[in-house]
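Q: Got a model to go through. Can you walk me through the cavities and then the sheet?

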Amino acid sequence: MKPIYIFSSGRLFRRQNTLFLETEEGKKPIPVKQVSEIHVFGEVELNKRLLEFLTQNRIPMHFYNRYDYYVGTYYPREFLSSGHLTLKQAEHYLKYTLRMDLAERFVTGALENLRRVLGYYQRRGADVAEAMHKIEELKNAVPQASSIPELMALEGNAREVYYHAWERFLPSAFALDARTRRPPKSPVNALVSFLNSLLYTAVLGQIYQTHLDPRIGFLHETNYRRHALNLDVAEVFKPTYVDRLIFRLINRRQITEKHFLRQSGGVFLNERGRELVVREWEAFLQSTYKHPTLKRSVSWRTTLRLELYKLEKHLLGDQPYEPFKHRS
């Protein structure tokens, strides 16, 4: 099973046990048994019968607007929900000491992975020692933080240092002078925003396969936002999943300025660029490596699920959560 990405505009409908995407070019069948989730970038028409069908087959559908911003998910009713785990998850949010403990773990994991990614380029001659030292100092300050906003500030400061270090190993055309989001103001900002959205939905898709409730986060506030837990977990993986892919695409010249367009005061991937990035993103998630604990090959998508299982064990009191660490 794998995700399906829809870039064309048209109509998505069900016929027996098959999904069809009807566009100006005709009807394209999508066998439902091969689909894990659907990402919709185009203007797609659908109806209630289709949503009922997706619910029956446990297929989430993620929606993005014309600028590739993630706008929401049709999340079928939870089929693996556990009342006991949901209560534990809520307890860890409502009891501030428990929430702070988990939030600190997410931030520490994120900052350690920032440092490790820079270490990879330092070993290849990039002058990033000062940035690594500053990030290490900020990581060491995490246990002294007394509130969630302080933790968020530490992470934000570390990322600012980290982003400025990119100029040491990326070509000048892809320099990241400042992180801009809505809208992104440069090609590399457009890549970061787009791939962050893909990571958020990838984590959300894996949460759906566990007993966790995506609405209850710890580092990110559980409020009117529909989902928060996927944002927490994604912080740990952004350096390895998003940033390393961006560096590879740029340094191998797979993506160039011709893959972007400027409109509405911002810079965005064009259709060709978006399809290229999605293709490389999926290739990465499906690729495998030798897991140091399991001693067998696992995919990078499965790694997200394993991280969520570790979080479940923490909430149940079985084993403290230790965030994923980028391979040095």
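Q: How many cavities of 30 Å³ or more does a search of the whole structure find?
A: This is a predicted model. The search turns up 2 cavities of 30 Å³ or more.

Q: What volume does the largest cavity have, and which residues line it?
A: The largest cavity has a volume of about 70 Å³. Its lining is Y67, D68, Y69, P184, A190, S193, F194, V267, F268 and L269. Two elements give two or more residues each: α6 (187-207) and β10 (266-269).

Q: How does that lining of the largest cavity divide into nonpolar, polar and charged?
A: 8 nonpolar, 1 polar and 1 charged.

Q: And the second largest cavity, what is its volume?
A: About 40 Å³. The residues lining the second largest cavity include E37, H39, E282 and R301. β1 (2-6), β5 (35-40), α6 and α8 (271-286) each give two or more residues to that lining. By class, the second lining has 6 nonpolar, 2 polar and 3 charged residues.

Q: Switching to the sheet. What is the strand order?
A: β1-β5-β7-β8, an open sheet of 4 strands with mixed pairing.

Q: Which strands stand at the edges?
A: β1 and β8 (70-74). Each has a single partner strand, so one side of each is left without a neighbour in the sheet. Neighbouring strands are turned by 20° against each other on average, direction ignored.

Q: How many bridges join β5 to β7?
A: 3 bridges, and the two strands run parallel. F63 in β7 is the bridge partner of V40.

Q: What does α6 touch in the sheet?
A: α6 packs on β1, β5, β7 and β8. The direction of α6 makes about 165° with that of β7.

Methods: Residues numbered from 1 in each chain as written. Predicted model: local features only at pLDDT ≥ 70, side-chain atom pairs only at ≥ 80, totals over all residues. Heavy atoms only, no water. 1 Å grid on protein atoms, 1.4 Å probe; cavity = no way out; pocket = protein on both sides within 12 Å on 5 of 7 lines; lining within 4 Å. Points joined across faces, edges and corners; volume = space filled by probe spheres on them. Nonpolar A, V, L, I, M, F, W, Y, C, P; charged D, E, K, R; others polar. Pairing = 2+ DSSP bridges. Axes fitted to C-alpha atoms, helices over the stretch in contact; angles between N-to-C directions. Contact = heavy atoms within 4.5 Å.
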